[in-house]
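Visitor: I should like a close look at a single part, followed by its setting in the whole. Please take me through it step by step.

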There are 2 protein chains.
Amino acid sequence: MNDRKKRILWAVVQDYVSSAEPVGSRTIAKNYDLGVSSATIRNEMQDLGDEGYLEQPHTSAGRIPSIKGYRFYVDCLMEPSRLTGEEEERLTHMIADQTTKVDEIFRNMARVVSSLTQTLSVAARQTRRSCTFNYIRFLPLDGQRAILLVVTQEGRVSNTVVNIPPGSSIDELQLLADRLNHFLHGKDISAADEQTILAFQKDVERDLTPFSRIFVSLRRSLAPKQKVYSGGAAGLIRQPEFQNVEKMQDILNLLEERDLLHSILDTAMDRPIAVRIGSENPDKSLADLSIVKAQFQVGGEVIGTMAVIGPTRMEYGRVIGLLYFMQKHLEHMLKNKE
Amino acid sequence: MNDRKKRILWAVVQDYVSSAEPVGSRTIAKNYDLGVSSATIRNEMQDLGDEGYLEQPHTSAGRIPSIKGYRFYVDCLMEPSRLTGEEEERLTHMIADQTTKVDEIFRNMARVVSSLTQTLSVAARQTRRSCTFNYIRFLPLDGQRAILLVVTQEGRVSNTVVNIPPGSSIDELQLLADRLNHFLHGKDISAADEQTILAFQKDVERDLTPFSRIFVSLRRSLAPKQKVYSGGAAGLIRQPEFQNVEKMQDILNLLEERDLLHSILDTAMDRPIAVRIGSENPDKSLADLSIVKAQFQVGGEVIGTMAVIGPTRMEYGRVIGLLYFMQKHLEHMLKNKE
DNA sequence: GTTAGCACTCGTAATGAGTGAGTGCTAATA
DNA sequence: TATTAGCACTCACTCATTACGAGTGCTAAC
């Protein structure tokens, strides 16, 4: 792969990304200053095709980059774009504006990035796998009902309204809760499973059946529910490669199958920003999509992930630039906040 | 509108709903036992066309119902379908299964109904406009932070982690909270706005500026956030009338514009189940969609709404039957639960 | 009032010629 | 030996033409 070939591959990707049309040798000779004629470029393109970096939709058409071509482009030829002033302002404003809820920021990130790049963007805070039990507290509500709170040491609260079993009082409930608190305090939240609670039931030598519904509520409120924020599907299907019914249906299925979005965000990453191009994606319904994924970390712990889903013909440099910028600023902001 | 015309209109709607193809006179003569020849039916159909109940896509095509035709069908010709055993089982199971979270039920309703009817279904619990303040409570978390809870008399809880201002303690915070509780107890939650809190600040003759962030958190956690659950867009765009790019984009826009979905659910209803056909919808982006909307009430209060969005060519009887069934069972279930 | 018969309409699918962008090869050139 | 000009060839795409058929609307007979 000599220097000229690299420059031609770069030019093909560049041109195809912006035009969505197969790129011909003449186009490159005209618009990219390589100092050689279209015939020379034609020869080089043929070689690039033989080596698997370029593809031809049909004999008499121009070339488009193959998965391998994009991969080479992303790994060796491309630079993350610098943001424009406008982009920079919009993102910093968004990150700085929401002083409280991190969830909100993730939601807005998905929206803003998708609107800037015409892609489908999804974001989610990481499920905290380690979540330490702090205490259970019952609060009064009215004669028959009480509010059951579970508080973790990280400051997360889940609440459920429970009926006070006939013959009990809220103080009695709290007494029991205190014993349970003592039992669970400092343990990981997963310890509060059915088994443990059954064991505890034996331990206190008391029939807990009247409270069983409370434990059901408890377990339910502890169940980790990771929210995936998504936005921009409307922008994505405006891209020329999705102008047909099947592709659009695929996108909509992807959007409604939250499981798949979850799994996209959940898969492990070997670097802070990773790119998966087309069929590099394990799921075959993502075979003609590319995904750029960024992890957000504070103090070594992953606190959220964002993925940009677009056509393989994606502005990789720009998307990576955006994600990099957000990573830097969001992590900085969160570190200061803690 | 004589009886035969009614039967012909009924047949046209029936046939078009299931076939999605313009219906010809011969089809009706063959498949619907009217006892007259296609020529007679042809004459009647011409009249129905003149009177605005039927339309012709082009001169040599069959007829399709007009908005007016559907309206007449829904108002005068149609009966809500009885559910099949399978449908009934699936719905009762769903309603009975989730013993706790009503939110979950609404989410599942949207999913199940859309999957049964190949429509886009949206559901939301009603924003409780009246929401009565109960009390504020601070709970310990660690040295620097506390958990601020706001509890309503209906048993809703919102929580935020707040920093304890330097020089204060959690007891001090609770003391202040108790005065605020006294001040706000039994009032509508909207009373806790900036104005009132400023007035209260004067009243207690104490500088509350160190607590300002807490009040910001408080207000934010009180902000009503109505969640709209949706499902089935993928099924809807599988319908033949949406097999083109523009229509699909419209659907996706509708899905991503949560505001519009909100407004669909929010608009007042004059009866428990209402039907809006095509251009009867105020929003013009809904002009070729029909919406069947049901309100769920417990004790005279509206507690949620569900809307089924489909093509004008919709199985009105079936959808209404489903919604009616759910209304009855869900309201029954909730009444018992309270 | 109803029906059979028939000419007429018009959307749709199939066919085929024409067009042009782009290639691949060859021979000339530096 | 690397580059370039020239040219035949390929193939998707467009557009007009044709054929087909479902369905109507009218007329005349029952």
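Guide: The account below begins with one strand and then widens to the chain, its copy and the DNA.

The model is predicted, so local features need pLDDT of at least 70 and side-chain atom pairs count only at pLDDT 80 or more, while totals for chains, interfaces and linings use all residues. Residues are numbered from 1 along each chain as its sequence is written, chains are lettered from A and ligands numbered from 1 in the order in which they are written, and side-chain values use heavy atoms, with hydrogens and water left out.

The part chosen is strand β10 of chain A, residues 301-311. Helices (H or I, at least four residues) and strands (E, at least two) are DSSP runs, numbered from the N terminus. Nine of the eleven residues of β10(A) are buried, that is, under 20% relative accessible area with a 1.4 Å probe and protein chains only.

β10(A) has partners in β3(A) and β9(A); two strands pair if DSSP finds at least two bridges between them. Strand β3(A), residues 120-125, runs antiparallel to β10(A) and is joined to it by six bridges; here A:Ala123 has A:Met306 as its bridge partner. Strand β9(A), residues 289-298, is also antiparallel to β10(A), with ten bridges, and A:Gln297 is matched with A:Val302. β9(A) and β10(A) form a hairpin with two residues between them, and A:Gly299 in the turn has a positive phi of about 55°.

The strand belongs to a chain with 13 helices and ten strands. Of the 338 residues of chain A, 50% count as buried.

Chain A can be laid on chain B with an RMSD of 0.3 Å by a turn of 180° and a shift of 0.1 Å along the axis. That is the relation of a two-fold axis. The superposition is by least squares on the C-alpha atoms of residues with pLDDT of at least 70 in both copies. A:Val245 is the residue of chain A that comes closest to the rotation axis, at 3.2 Å (C-alpha).

As for the DNA, 21 residues surround strand D, and A:Arg4 is one of the closest; a residue is near if one of its heavy atoms lies within 4 Å. A phosphate oxygen of DNA strand D is 2.8 Å from an N or O atom in the side chain of A:Arg4. Helix α3(A) gives the most to the surface near DNA strand D, with four residues.

Conventions
A polar contact is a pair of N or O atoms within 3.5 Å; within protein, one must be able to donate a hydrogen and the other to accept it, and residues adjacent in sequence count only if both atoms are side-chain atoms.
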